[in-house]
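Hi everyone, thanks for coming. I'd like to walk you through a structure that may be new to you, so have a look at it while I talk.

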Amino acid sequence: MAVIKVTLLVLIVLSSLLLMLTVLMHKGRGGGISDMFGGGISSTAGSSGVAERNLNRITIGILTVWTTCIVAYGVLLKFGL
């Protein structure tokens with residue numbers, strides 16, 4: 001079971017980093033944290049509606065992986081597997 005726990009932890013870390021990255025890549029709607037990291041400067045480059053929708057899908061997919069890994073790790077810890 002140690003291999004499963006380590007695998008889940010690695011997936012949690014990787015998906016957390018990817019989730020932060022994809023959230024920051026969204027087009028800033030004014031004054032948010034994405035503007036702080038240059039989101040306001042590149043807002044004209046990513047103004048395509050298709051690109052924004054694809055980024056939304058990618059973000060939701062990564063969020064699903066992250067949530068599943070968190071729940072699975074919690075279940076493993078709860079039942080001592």
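Let me start with a question: in which helix is Leu19 found? The place to look is helix H1. Before I go further, please keep in mind that this is a predicted model.

Now, is Leu19 buried or exposed? Leu19 has a relative accessible area of 15%, and the cut-off for buried is under 20%, so Leu19 counts as buried. As for what covers it, if we skip the residues up to four places away in sequence, Leu19 touches Thr59, Ile62 and Leu63. There's also a nice distance to look at here: Leu19 and Trp66 are 47 residues apart along the chain, yet their C-alpha atoms are separated by 8.3 Å.

Let's step back for the overall layout. The protein has 3 helices and 0 strands, so to speak an α-α-α run when you read from the N terminus on. Of the 81 residues, 17% are buried. The accessible surface comes to about 5700 Å², and carbon and sulfur atoms hold 75% of that. And if you take the contacts with a separation of 6 or more, 78% of them are between residues 24 or more positions apart.

Back to H1 for another residue. Thr22 lies in this helix too, and with a relative accessible area of 6%, Thr22 is buried. Again not counting residues up to four places away in sequence, Thr22 touches Leu55, Ile58, Thr59 and Ile62. You'll have heard Thr59 and Ile62 already, in the list for Leu19.

That brings us to the partner, H3, which covers residues 49–78. H3 has 30 residues and reaches 43 Å from its first C-alpha to its last, close to the expected 44 Å. Which residues of H3 are buried? They are Glu52, Leu55, Thr59, Ile62, Cys69 and Leu76. And what do they pack against? The buried residues of H3 pack against H1. If you're looking at the spacing in lists like that, a general point helps: an α-helix has 3.6 residues a turn, so residues three or four places apart point the same way. Just after H3 comes Gly80, with a positive phi near 65°.

Now to the other part of H1, which spans residues 2–25 and includes Lys5. Lys5 is partly exposed, with a relative accessible area of 24%. Leaving aside neighbours within four places in sequence, Lys5 is in contact with Tyr73, Leu76, Leu77 and Leu81. The C-alpha atoms of Lys5 and Ala72 are separated by 9.1 Å, although the two are 67 residues apart along the chain.

On the outside, have a look at Met1, Ile4, Val71, Val75, Phe79 and Leu81. Together they form a nonpolar patch on the surface, with about 590 Å² of accessible area. One of them, Val71, sits in H3.

Last, a word on annotation. The unreviewed UniProt entry marks residues 6–26 and 58–76 as "transmembrane region". How does the model look over those stretches? Residues 6–26 are 95% helix and 0% strand, with the end C-alpha atoms 31 Å apart. Residues 58–76 are 100% helix and 0% strand, and there the end C-alpha atoms are 27 Å apart.

That's my tour, thanks for listening.

Terms used:
Residues numbered from 1 in each chain as written. Predicted model: local features only at pLDDT ≥ 70, side-chain atom pairs only at ≥ 80, totals over all residues. Heavy atoms only, no water. UniProt positions renumbered as here; feature names shortened; annotations may be inferred. Helix = DSSP H or I, 4+ residues; strand = E, 2+ residues; numbered from the N terminus. Patch = residues over 30% accessible without salt bridge, like charges linked within 9 Å, V, L, I, M, F, W, Y side chains within 5 Å. Areas by Shrake-Rupley, 256 points an atom, 1.4 Å probe, with all protein chains shown as cover. Salt bridge = Lys/Arg side-chain N within 4 Å of Asp/Glu carboxyl O. Buried < 20%, exposed > 50% of the residue type's maximum accessible area, 1.4 Å probe, protein only. Contact = heavy atoms within 4.5 Å. Expected span 1.5 Å × (residues − 1).
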